[in-house]
Amino acid sequence: MEKVKNLLKPKPNPQQQLRDWQRRLRQDCRNIERQIRDVQKEEKTVQKAIREAFKRNDMGSAKVLAKEIVRSRRAVNRFHENKAQLNSISMHLGESVVIARTVGHIFKSAEVMKLVNNLMKAPEVAMTMQEFSKEMIKAGLIEEIVNDAMDAALDSEDIEEETEEEIEKVLVELAGETAAQLPAAVIKEKRKKPSQTSSKAAEENAIAEGGDDEDELQEIRARLARVRS
């Protein structure tokens, strides 16, 4: 019965299909804007916590939270890049609407296919773009994407290590001190730790240094992780 309904359901004309994609892309852009606002709002909370750590002379906790800010700012940059590419797809779809109005069908677009492929490598929008790609392939707008490439893209994650330089830059920014003073303090604090200590162990040591503030640190980090995802 369901198959009969699908057969009887009128197929959208090319212009309607293209405009529907544009509408959904605009909604995706609004969702990204909301995510950016959420991350930036949480960052203000973390900045306040870092300033409080400075007052306690708790550099361990400050560094842990500064690392979270670095991650959040990278996430915001990715969100902006994703939004820009979604807008580019929408622009190309607008051009396709004009052509479809003239010839009555959808032509393949190499530019849209390239943008869709790029976005499928972005964890934040990979699943959404997979759905778009299926519809666009079916409509003849793009060619079929190799399954192995899609699987690899969906499994990829941004696991970049935060550099000491980036963390120190955040600390300098929030401490309001000169670039020469605070990095020296950070380096001095870092030298107190054994050179063989792993980055993960060092992070755990830094959290522990906060004493009674450990639960608060974990809560702040968890909130940031949620809004970044």
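**Exercise 1. Helix 3 and helix 4**

At what angle do helix 3 (residues 59-103) and helix 4 (residues 110-119) pack, and how far apart are their axes? Work out the relative direction of the two helices, then list the residues that make the contact.

Solution. The model is predicted.

Step 1. The packing angle of helix 3 and helix 4 is about 155°, and their axes are 10 Å apart.

Step 2. Angles over 145 degrees count as roughly antiparallel. Helix 3 and helix 4 are therefore roughly antiparallel to each other.

Step 3. The crossing in which helix 3 passes helix 4 is left-handed. On the helix 3 side, the contact is made by N82, Q85, L86, S88, I89 and H92. On the helix 4 side, E111, V112, L115, V116, N118 and L119 take part.

Step 4. Sorted by class, the residues of this contact of helix 3 with helix 4 are 6 nonpolar, 5 polar and 1 charged.

Step 5. M91 also has its place in helix 3. Between M91 and V112 there are 9.5 Å from C-alpha to C-alpha, and the two are 21 residues apart in sequence. A residue between 20% and 50% relative accessible area is partly exposed. With 48% relative accessibility, M91 therefore counts as partly exposed.

**Exercise 2. Helix 7 against helix 3 and helix 2**

Find how helix 7 is oriented to helix 3 and to helix 2, and give the classes of residue in each contact.

Solution.

Step 1. Helix 3 and helix 7 pack at about 105°, and their axes are 9 Å apart. The range for roughly perpendicular is 65 to 115 degrees, so helix 3 and helix 7 are roughly perpendicular to each other.

Step 2. Helix 3 contributes M59, A62, K63, A66, K67, I69, V70, R73 and R74 to this contact. From helix 7 they are met by E164, E166, I167, V170, L171, E173 and L174. By class, the contact of helix 3 with helix 7 has 9 nonpolar and 7 charged residues, and no polar ones.

Step 3. Take one pair, E164 and K63: their C-alpha atoms are 9.4 Å apart in space, while the residues are 101 apart in sequence. E164 is found in helix 7 and, at 29% relative accessibility, counts as partly exposed.

Step 4. Turn to helix 2 (residues 14-55), which packs with helix 7 (residues 164-175) at an angle of about 75°, the axes being 10 Å apart. That angle makes helix 2 roughly perpendicular to helix 7.

Step 5. Q47, I50, R51 and F54 of helix 2 make this contact with L171, E173, L174 and A175 of helix 7. The contact of helix 2 with helix 7 divides into 5 nonpolar, 1 polar and 2 charged residues.

**Exercise 3. Individual residues**

Decide whether S96, D38 and N57 are buried, partly exposed or exposed, and describe where each is placed.

Solution.

Step 1. S96 has its place in helix 3. Buried means under 20% relative accessible area; S96 has 12%, so S96 is buried. Leaving aside residues up to four places away in sequence, S96 touches L18 and L141.

Step 2. D38 lies in helix 2. Its relative accessibility is 30%, so D38 counts as partly exposed. From D38 to V76 the C-alpha separation is 10.0 Å, with their positions 38 residues apart along the chain.

Step 3. N57 lies in the loop between helix 2 and helix 3. The cut-off for exposed is over 50%, and N57, at 64% relative accessibility, counts as exposed.

Step 4. Most residues other than glycine have a negative phi. N57 is not a glycine, yet has a positive phi of about 60°.

**Exercise 4. The whole chain**

How many helices and strands does the protein have, and what does UniProt place at residues 22-52?

Solution.

Step 1. The protein has 10 helices and 0 strands, which gives the pattern α-α-α-α-α-α-α-α-α-α along the sequence.

Step 2. Of the 229 residues in the protein, 40% are buried. Among contacts between residues at least 6 apart in sequence, 77% join residues at least 24 apart.

Step 3. The unreviewed UniProt entry places a "coiled-coil region" at residues 22-52. In the model this stretch is 100% helix and 0% strand, and its end C-alpha atoms are 46 Å apart.

Methods
Residues numbered from 1 in each chain as written. Predicted model: local features only at pLDDT ≥ 70, side-chain atom pairs only at ≥ 80, totals over all residues. Heavy atoms only, no water. Axes fitted to C-alpha atoms, helices over the stretch in contact; angles between N-to-C directions. Helix = DSSP H or I, 4+ residues; strand = E, 2+ residues; numbered from the N terminus. Parallel < 35°, antiparallel > 145°, perpendicular 65-115°, else oblique. Left-handed = near helix turned anticlockwise from the far one by under 90°. Contact = heavy atoms within 4.5 Å. Nonpolar A, V, L, I, M, F, W, Y, C, P; charged D, E, K, R; others polar. UniProt positions renumbered as here; feature names shortened; annotations may be inferred. Buried < 20%, exposed > 50% of the residue type's maximum accessible area, 1.4 Å probe, protein only.
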